[in-house]
Structure formats: structure tokens, C-alpha cells
Amino acid sequence: MLNFLARRVVQLIPTLFFVSILIFSLQQLLPGDPALVMAGEERDPEVIAQIRQQYRLDQPVPVQYVYWVKGVLSGDFGESLRNKVSVRELIAQKLPVTMQLASMAIIIAFLVGIPAGIISAVKKGTAWDYGANFFALWGISTPNFWLGIMLIFLFSIKLGWLPASGYVPLTENWRASLASTIMPAFVLGNAIAAILMRHTRSAMLQVLESDYVRTARAKGLSERSVILKHAMRNALTPVITLGALELGTLLSGAVLTEQIFSIPGFGKLIVDAVFNRDYAVVQGVVLTTATIYITLNLIADIAYVLVNPRLRA
């Protein structure tokens, strides 16, 4: 197990290296000149020259990349060209918001999607199966922005149970924080739950037809034991992959949902940075997102081994 983990960690280093090259290279292809943006409307040539020298924009691209990587390795992602704030500070402010929202959304998705998929597979051809498939179709087909608006109209305007927008940090008031994030978390978790349900159902149907499940039933084990101890553990392998990828997508920022509920998360940060041509923020946020994706893949690989003993060999 330790050897496997060490090999996977070593593989992360070249992956992150090539990702950093890709991020920095694609950033250079974006239209516009950050020096002109920072210089303002007057665009004094002396000011522009000073900006280029200060941010090393007058250096060749490989030299700029080396300076950027040195800063990243020391925890310095640079400074926002727009508001003169450290990129690391911006990420530290926005990432916890998105992490809370994504965690709540993925918990909702797992609590709804996996049990629904298992029940649908076990009760194949019954009303339970049709109901679960209808839920999955509804979840996949419903646009997030429409569902968000409807939830605001019902629970905020009509019933007055939840705030319509805004965000309260957990450290300030955990009750108000949960109240401000439960609706956007449900909106995000709804679609993921539908996808998880379909994948869980498909995996369970395949596993239930396998020889070892028939053997377990022939030994006289209870149906509950067959489903939970033998079938479900093997069926969860593809679901773990999907869950890790969906969590990575959520952590990269849910732009529409954050805009609808006025959540100051990662999605809004990256959109504002792109529109403002704030290259340092874009690079820092994208690199952080890529690192999160790669880390989640590593966690998913470890979970494979824990869930499926056959992979430990």
C-alpha cells in the first residue's frame, strides 16, 4: 500500500510540471496587454515601461515562466494586476467558500444518488425503478439556473424560510452559513445525484449478475448481506471515480449558481479575472484547480484499494 502511494505521489510531480507549462503558455495566447490595462486610459509610455519592468513583462516568456515557478514553489502566486492584492490571499478568501459549497453538494449527491441507484437496480422493473429513473432524468434535464430561481421564489420569497442570496462564513455563524448555502448546494447536488444514480444502477445490475453474488445467495446469505457486503462494494469502484471528478468540477467553481445566489466563490473569482485580464489571478486559480483535480484522482485511487480488496495485490 505504501509503495503504491509513493509511486502515485512521484507521478504527480511531472504531471504538475506539464500542467504549469500548459497554463502559462495558454495564458500568453489571451488577447490584450496587461501593461496597457494597468496603465489606465492615459497610457503614458513611461508608466507602461515601468509596469513592464516591474512585472518582468519585458523579459522573454521562458524567463517569465521560471520566475513564476520560483514564486509558486515558495507560495507566492504573484499580485493581482487589478486590485494589487496577493493572489494567494484571494485564493485563501474564495477557496473555503467554494469548498463548503462543493462539500455540501457532493454529500447531498451521494446521500440521494447512490441509495437511489441501488434501490433501482435491486427493484428492477418495479415502481421504485421507474421512480428512480424519472428522478435521474429530471435531475439531468433541469437547468441549474432555473432550479435556483424557483428555489429562491419558493423558500425565500413565498415562505421566507431561507435567505435569497449572500454568504455567511461558518466561523461567524454556522446556522446562518448553512441557511445561506443549502439552496445552492442542493442545486449543484441535484444534477450530480442524478448522474451518480444512473452509474450506480448500471454497476449494480452488472454486479448482481456475477457468479460470486449467485454463490453468496446459494450459501443462504440474507439479501441484505448480499447487496451491502458483496455487490455494493464492487459496484462502487466506478462511482468513486465519478464522484472525485464531480467534486473537482465543483471546486473549480460553479459560475452560474454562484452568480444566482451571490456566493463569492472560486467561479466568480476566475470569471472576473478573465474579463479584467488579470493574468496572475487566472494562473494562480487554474493551477490551484488543477492541483485539486490531481489530488482528488490520487484519493480516488486510494479509495479503490480500500473498497476492492482484489486491487491490493
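Select Lys70 and Tyr67 in this predicted model, and you will find that Lys70 lies over the face of the Tyr67 ring, at 5.9 Å from the ring centre.

Next, turn to the aromatic side chains, for which a search of the whole structure finds three pairs. One of them is formed by Tyr65 and Trp68, whose rings are tilted with 50 degrees between the planes and stand 6.2 Å apart, centre to centre. Colouring helix H4 (residues 61-73) helps here, because Tyr65 and Trp68 are three residues apart in that helix and are therefore separated by about one helical turn. With a surface displayed, Tyr65 counts as buried at 15% relative accessibility, and Trp68 likewise counts as buried, at 9%.

Now select Phe155 and Trp161, which form another tilted aromatic pair, 6.0 Å centre to centre and with 40 degrees between the planes. Are these two rings buried or exposed? Phe155, at 23% relative accessibility, counts as partly exposed, whereas Trp161 is exposed, with a relative accessible area of 60%.

For the last stop, go to helix H8 (residues 174-208) and pick out Ala193, which has its place there. Ala193 is buried, with a relative accessible area of 2%, and if residues up to four places away in sequence are set aside, Ala193 touches Ala109, Val112, Gly113 and Phe135. Finally, add Leu170 to the selection and draw a distance between the C-alpha atoms: Ala193 and Leu170 are 23 residues apart in sequence and 25 Å apart in space.

Definitions and conventions: Residues are numbered from 1 along each chain as its sequence is written. This is a predicted model: local features need pLDDT of at least 70, side-chain atom pairs count only at pLDDT 80 or more; totals for chains, interfaces and linings use all residues. Side-chain values use heavy atoms; hydrogens and water are left out. Rings of Phe, Tyr and Trp (its six-membered ring) pair if their centres lie within 6.5 Å; planes under 30 degrees apart count as stacked, over 60 as edge-to-face and the rest as tilted. Helices (H or I, at least four residues) and strands (E, at least two) are DSSP runs, numbered from the N terminus. Buried means under 20% relative accessible area, exposed over 50%, partly exposed in between (1.4 Å probe, protein chains only). A charge sits over a ring if NZ of Lys or CZ of Arg is within 6 Å of the ring centre and within 35 degrees of the ring normal. Contact means heavy atoms within 4.5 Å.
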